[in-house]
Amino acid sequence: MSKVKYYYDKESLSYRKIERKKRTTFKYATIFILAAAFFAFIFVFIASQYVESPKERALKRELQNAQLQFELLNKKMEHAEAVLENIADRDNNIYRVYFEANPIPDEQRRAGFGGINRYKNLEGFDNSKLIIESNKRLDILQKQIVVQSKSLDEIKILAEEKEKLLEAIPAIQPVSNENLTRMASGYGMRSDPFTKVRKMHWGMDFTAPRGTPVYASGDGVVERADSNSSGYGKHIRINHGYGYTSLYAHLYKYNVRKNQKVKRGDLIGFVGSTGRSEAPHLHYEIFKDGDRINPINFYYGSLTAEEFNKLLEHASLENQSLD
């Protein structure tokens, strides 16, 4: 029981019981509740600052895991960037050099993204800087991969073209060594067999018996197989593409026709002595972009080093040509 309190009434000269008014009771109750609420707020505030709730601990673990994943992602991107840089270096300094293509500038490979802020939606978070930087690196890396992929597609096309070029270049001797009597005359100033005057001999003369097989020195299309050029007699011209044309003159007969496709090593005709010719032989010329060039530089596909040196020695002699 609560204590009962009394006061002394001077008028009645007696003690009277102190009656608490309802207003006073309500006031004390209100003060108590407010004080309790205040202290509760202080307690909760202090607890929130220094004591983590289970939910906060779970969120903190998730945040730490996310940061760890971003760090691992950045390490993977560093590795990918290093690999891509190595590929780009080989692309510029090996592949493109070999195929005679211009290298891709670093500015083009490493270019970022201009214009509007692509990462505005990632701003305002606790780790916005980390997230934005990772996304920037990933976007640039993806762009570099696209650039490199297109470059490799181009290199593939260049390689295919290079292979076609190597197949097309007239690179073998048109008469087999086993059928060759001798290399009668080479490219350069030679004595004319009819006038005995020194003049330019634009090809190479291979002495061989009449009927000796003559082979195409590279892939191409037969452009001519006729005797309508002065001095050449029966002759064949093969267009190899890439500016190259080969000519085979003084033939006995043909084994191909105009517009026929031929491969290197195909039998196209036979040695003869038609046209302006002193004896059976093959007169062989090579044109590049319409200009005659020395065929001696194109026998890498069929001769050994010793055979080539011997051929070079004979071709350099300023003797008499056979046509």
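The exercises below work through a predicted model of one chain.

**Exercise 1. Confidence**

Task: Find where in the chain the confidence is lowest and where it is highest.

Solution. Begin with the chain as a whole, which averages a pLDDT of 80. Of its residues, 80% score at least 70. Next, go to the elements. Helix 5, residues 305-315, has the lowest confidence, with a mean of 62. Strand 12, residues 261-262, has the highest, at 96.

**Exercise 2. The largest pocket**

Task: Describe the space in the largest pocket, and state which helix supplies the largest share of its lining.

Solution. Step one is the volume: the largest pocket holds about 310 Å³ of space. Step two is the lining, made up of 16 residues, and those closest to the centre of the pocket are Glu-85, Ala-88, Arg-109, Arg-110 and Gln-144. Step three is to assign the lining to helices. At least two residues each come from helix 2 (54-98), helix 3 (106-109) and helix 4 (128-168). Helix 2 gives the largest share, with seven residues. Step four sorts the lining by class: seven residues are charged, five are nonpolar and four are polar.

**Exercise 3. An annotated region**

Task: Take the region that UniProt marks as "coiled-coil region" and state what secondary structure the model has there.

Solution. The UniProt record, an unreviewed entry, puts this feature at residues 56-90. In the model, residues 56-90 are 100% helix and 0% strand. The C-alpha atoms at the two ends of this stretch are 51 Å apart.

**Exercise 4. Aromatic pairs**

Task: Determine how many aromatic pairs the whole structure has, and classify each by the angle between its planes.

Solution. A search of the whole structure gives two aromatic pairs. One is formed by Phe-38 and Phe-39, with 5.6 Å from centre to centre and 75° between the planes. An angle over 60 degrees counts as edge-to-face, and this pair is edge-to-face. Phe-38 has a relative accessible area of 48%, so it is partly exposed. Phe-39, at 59% relative accessibility, counts as exposed.

The other pair is Tyr-248 with Tyr-284. Their ring centres are 5.3 Å apart and their planes stand at 45°, so this pair is tilted. Tyr-248 belongs to strand 10 (residues 244-249) and Tyr-284 to strand 14 (residues 281-288), so the pair ties together parts 36 residues apart in sequence. Both Tyr-248 and Tyr-284 are buried.

**Exercise 5. Positive phi**

Task: For Tyr-242 and Asn-259, give the phi value, then the position and the exposure.

Solution. Tyr-242 is a residue other than glycine, yet its phi is positive, near 55°. Tyr-242 sits in the loop between strand 9 (235-241) and strand 10. Its relative accessible area is 36%, so Tyr-242 is partly exposed.

Asn-259 is not a glycine either, and has a positive phi of about 70°. Its place is the loop between strand 11 (251-254) and strand 12. With a relative accessible area of 57%, Asn-259 is exposed.

**Exercise 6. One loop, two residues**

Task: Decide whether Asn-177 and Ala-171 are buried, partly exposed or exposed, and say which residue is paired with each by a C-alpha distance.

Solution. Locate the residues first. Asn-177 is in the loop between helix 4 and strand 3 (182-185), and Ala-171 also lies in the loop between helix 4 and strand 3. Buried means under 20% relative accessible area. At 1% relative accessibility, Ala-171 counts as buried. Asn-177 has 33%, so it is partly exposed.

Now take the distances. From the C-alpha atom of Asn-177 to that of Ala-208 is 9.7 Å, and these residues are 31 residues apart along the chain. From Ala-171 to Ile-296 the C-alpha separation is 9.6 Å, with their positions 125 residues apart along the chain.

**Exercise 7. A strand residue**

Task: Place Leu-267 in its element and give its C-alpha distance to Tyr-215.

Solution. Leu-267 is part of strand 13 (residues 267-271). A relative accessible area of 31% makes Leu-267 partly exposed. Leu-267 and Tyr-215 are 52 residues apart along the chain, and their C-alpha atoms are separated by 4.6 Å.

Conventions: Residues numbered from 1 in each chain as written. Predicted model: local features only at pLDDT ≥ 70, side-chain atom pairs only at ≥ 80, totals over all residues. Heavy atoms only, no water. pLDDT = per-residue confidence, 0-100. Helix = DSSP H or I, 4+ residues; strand = E, 2+ residues; numbered from the N terminus. 1 Å grid on protein atoms, 1.4 Å probe; cavity = no way out; pocket = protein on both sides within 12 Å on 5 of 7 lines; lining within 4 Å. Points joined across faces, edges and corners; volume = space filled by probe spheres on them. Nonpolar A, V, L, I, M, F, W, Y, C, P; charged D, E, K, R; others polar. UniProt positions renumbered as here; feature names shortened; annotations may be inferred. Buried < 20%, exposed > 50% of the residue type's maximum accessible area, 1.4 Å probe, protein only. Phe/Tyr/Trp six-rings, centres within 6.5 Å; stacked < 30°, edge-to-face > 60°.
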